[in-house]
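Ready for a few warm-up exercises? Have a look at the structure below, then try each task before you read its solution.

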Amino acid sequence: MHYWIASAVARLASAGAVVRSDAAADSDVLIWIATEVDTREGMDDLYALSHASVRNVRRQGRVLVVGRDPKDAASPSACARRAALDGFTRSVAKELGRKGATANRIVISRDAINEASEVALYLASDAASFI
């Protein structure tokens, strides 16, 4: 797990949120680390995880999909897979919207990785209920 994600998870948990990155149980905040979607297997793994865990997101919950910036990809296929995370996240958001939950994508670029923790904390908060 990236150091900034571990930091954000610790801060959310200390505030009383149930934070998960798997399909194990109900959660307030579900964080999917999709930084390895450059391969077909990575996309398949993300789909399997999402299919198993979306139903465990509580009412008013948050899903954060963390992925790399498509423009930093080494090949056209990796770029396309990274860009597909936008559509994937929108689809999850549409499915969760019935519960009042949200789904957002956090794009990690090489230049702004330090700011990602604050973005994750904000998107997991009540203040981001309409984002």
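**Exercise 1: The chain as a whole**

What percentage of the 131 residues in the chain do buried residues make up?

Solution. Keep in mind that you're looking at a predicted model. Buried residues make up 40% of the 131. Next, the surface: the accessible area of the chain is about 7,200 Å², and 53% of that belongs to carbon and sulfur atoms. Now walk along the sequence. You'll meet four helices and four strands, in the pattern α-β-β-α-β-α-β-α. Finally, take the contacts with a separation of 6 or more: 69% of them are between residues 24 or more positions apart.

**Exercise 2: Helix α3**

Compare the expected span of α3 with the distance between its end C-alpha atoms, then list its buried residues.

Solution. Start with the length. The helix has 21 residues, and at 1.5 Å a residue it should span 30 Å. The end C-alpha atoms sit 31 Å apart, which agrees. Now for the buried residues: they are Ala78, Arg82, Leu85, Phe88, Thr89, Val92 and Leu96. Here's a handy rule for reading such a list: an α-helix has 3.6 residues a turn, so residues three or four places apart point the same way.

**Exercise 3: The nonpolar cores**

Find the residues that touch the most other members of the largest nonpolar core.

Solution. This core has 15 residues, and the ones to pick out are Trp32, Val63, Val92 and Leu96. Where do its members come from? β2, β3 and α3 each supply at least two residues, and α3 gives the largest share, with four. Apart from this core lies another, made of ten residues, including Val29, Val66, Ile106 and Leu123. To zoom in on one member of the largest core, try Leu96: leaving out residues up to four places away in sequence, Leu96 touches Val54, Val57, Val63, Ala101, Thr102 and Ala103.

**Exercise 4: A pair of rings**

Count the aromatic pairs and decide whether the rings of Trp32 and Phe88 are stacked, edge-to-face or tilted.

Solution. First the count: ring centres have to lie within 6.5 Å, and by this rule there is one aromatic pair. The centres of the Trp32 and Phe88 rings are 5.9 Å apart and the planes meet at 50°, so call the pair tilted. Then locate the partners: Trp32 is in strand β2 (residues 27-33) and Phe88 in helix α3 (residues 76-96), so the pair links distant parts of the chain, 56 residues apart. Both residues are buried.

**Exercise 5: An arginine under cover**

Is Arg105 buried or exposed, and which side chain does its own side chain join in a polar contact of 2.7 Å?

Solution. Go to strand β4 (residues 102-108), where Arg105 lies. Its relative accessible area is 16%, so Arg105 is buried. The partner at 2.7 Å is the side chain of Asp86. The Arg105 side chain also reaches the backbone oxygen of Arg82, at 3.2 Å. To finish, not counting residues up to four places away in sequence, Arg105 touches Val65, Arg68, Pro70, Arg82, Leu85, Asp86 and Thr89.

**Exercise 6: A positive phi**

What is the phi of Gln60 near?

Solution. Recall that most residues other than glycine have a negative phi. Gln60 has a phi near 65°, a positive value in a residue other than glycine. You'll find Gln60 in strand β3 (residues 57-68). With a relative accessible area of 47%, Gln60 is partly exposed.

Methods: Residues numbered from 1 in each chain as written. Predicted model: local features only at pLDDT ≥ 70, side-chain atom pairs only at ≥ 80, totals over all residues. Heavy atoms only, no water. Phe/Tyr/Trp six-rings, centres within 6.5 Å; stacked < 30°, edge-to-face > 60°. Buried < 20%, exposed > 50% of the residue type's maximum accessible area, 1.4 Å probe, protein only. Contact = heavy atoms within 4.5 Å. Areas by Shrake-Rupley, 256 points an atom, 1.4 Å probe, with all protein chains shown as cover. Core = buried A, V, L, I, M, F, W, Y, C linked by side-chain atoms within 4.5 Å. Expected span 1.5 Å × (residues − 1). Polar contact = N/O pair within 3.5 Å; in protein donor to acceptor, adjacent residues only side chain to side chain.
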